Amino acid sequence: MNEYSQPPSENRSVRSARFFTLLQRYRNLLRRRWWMLPLMAVLAMGVQMIIIWNVPPAFASFGQMIVNVKIQVQTGANYIEELSNFLGTQVALMQSGSVLTRAEQRVRSTKPELLASKVDLKIGVSPKTTIFNLRAVGPDPAYTQVYLDAVMEEYSNLKKEMRDKTSDKTLAGITEEL
């Protein structure tokens, strides 16, 4: 006989009897030890309260930005972002190391009295819009708010620099053609 062969199938009534026996065993155990369930619930809530009381406070700062896809340049030319990847690209730019480093430097230069702290930045997009919802969470309320403002400013500055580079390249290409 093969060692992997299945045992003969049990009768349905035997399986049903085993299930109800097991169910009866747990019911009897619950009757005898009912006090364990509330005790464990109270103990778990007590542990959770201790954990919550020992966590340092966190402060949140919220901001919104509207980012245009198409920009009209003074000369009449258009600067257009690729629409299919626009939202993801902008979120990645807002969370890029370049923008975050610049924001930290801006906060240090404009508000040197604030102590730098770690700020967690989350960015979402409102459905069917180009409105970006920014949320910064950190231990210091003043630093968190100033940092979020600096992130928005530095993102705008980075976008402007990117447009200027594109405009410079376009102008150099046209000049070369002429």
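Here is a short dialogue on reading the fold, the core and one residue of a predicted model.

User: Where do I start? How many helices and strands does the protein have?

Analyst: Welcome! This predicted model has five helices and five strands. Following the sequence, they come in the order α-α-β-β-β-α-α-β-β-α.

User: What share of the contacts joins residues 24 or more positions apart?

Analyst: Among contacts with a separation of 6 or more, 67% are between residues at least 24 positions apart.

User: And how much of the protein is buried?

Analyst: Of its 178 residues, 20% count as buried. The exposed area is about 13800 Å², with 60% of it supplied by carbon and sulfur atoms.

User: Why look for a nonpolar core?

Analyst: The general idea is that nonpolar side chains tend to be buried together in soluble globular proteins. Here, the largest nonpolar core has 24 residues, and those touching the most other members include Met94, Ile123 and Phe132. Helices H3, H4 and H5 and strands E4 and E5 each give two or more residues to this core. The biggest share, nine residues, comes from H5.

User: Which residues does Phe132 touch?

Analyst: Setting aside residues up to four places away in sequence, Phe132 touches Met65, Leu87, Val91, Met94 and Ile123, among others.

User: Now Ser61: is this residue buried or exposed?

Analyst: The cut-off for buried is under 20% relative accessible area. Ser61 has 12% relative accessibility, so Ser61 counts as buried. This residue lies in strand E1, residues 59-66. Beyond its neighbours within four places, Ser61 contacts Leu134, Arg135, Ala136, Thr144, Gln145 and Leu148.

How values were computed:
Residues numbered from 1 in each chain as written. Predicted model: local features only at pLDDT ≥ 70, side-chain atom pairs only at ≥ 80, totals over all residues. Heavy atoms only, no water. Helix = DSSP H or I, 4+ residues; strand = E, 2+ residues; numbered from the N terminus. Buried < 20%, exposed > 50% of the residue type's maximum accessible area, 1.4 Å probe, protein only. Contact = heavy atoms within 4.5 Å. Areas by Shrake-Rupley, 256 points an atom, 1.4 Å probe, with all protein chains shown as cover. Core = buried A, V, L, I, M, F, W, Y, C linked by side-chain atoms within 4.5 Å.
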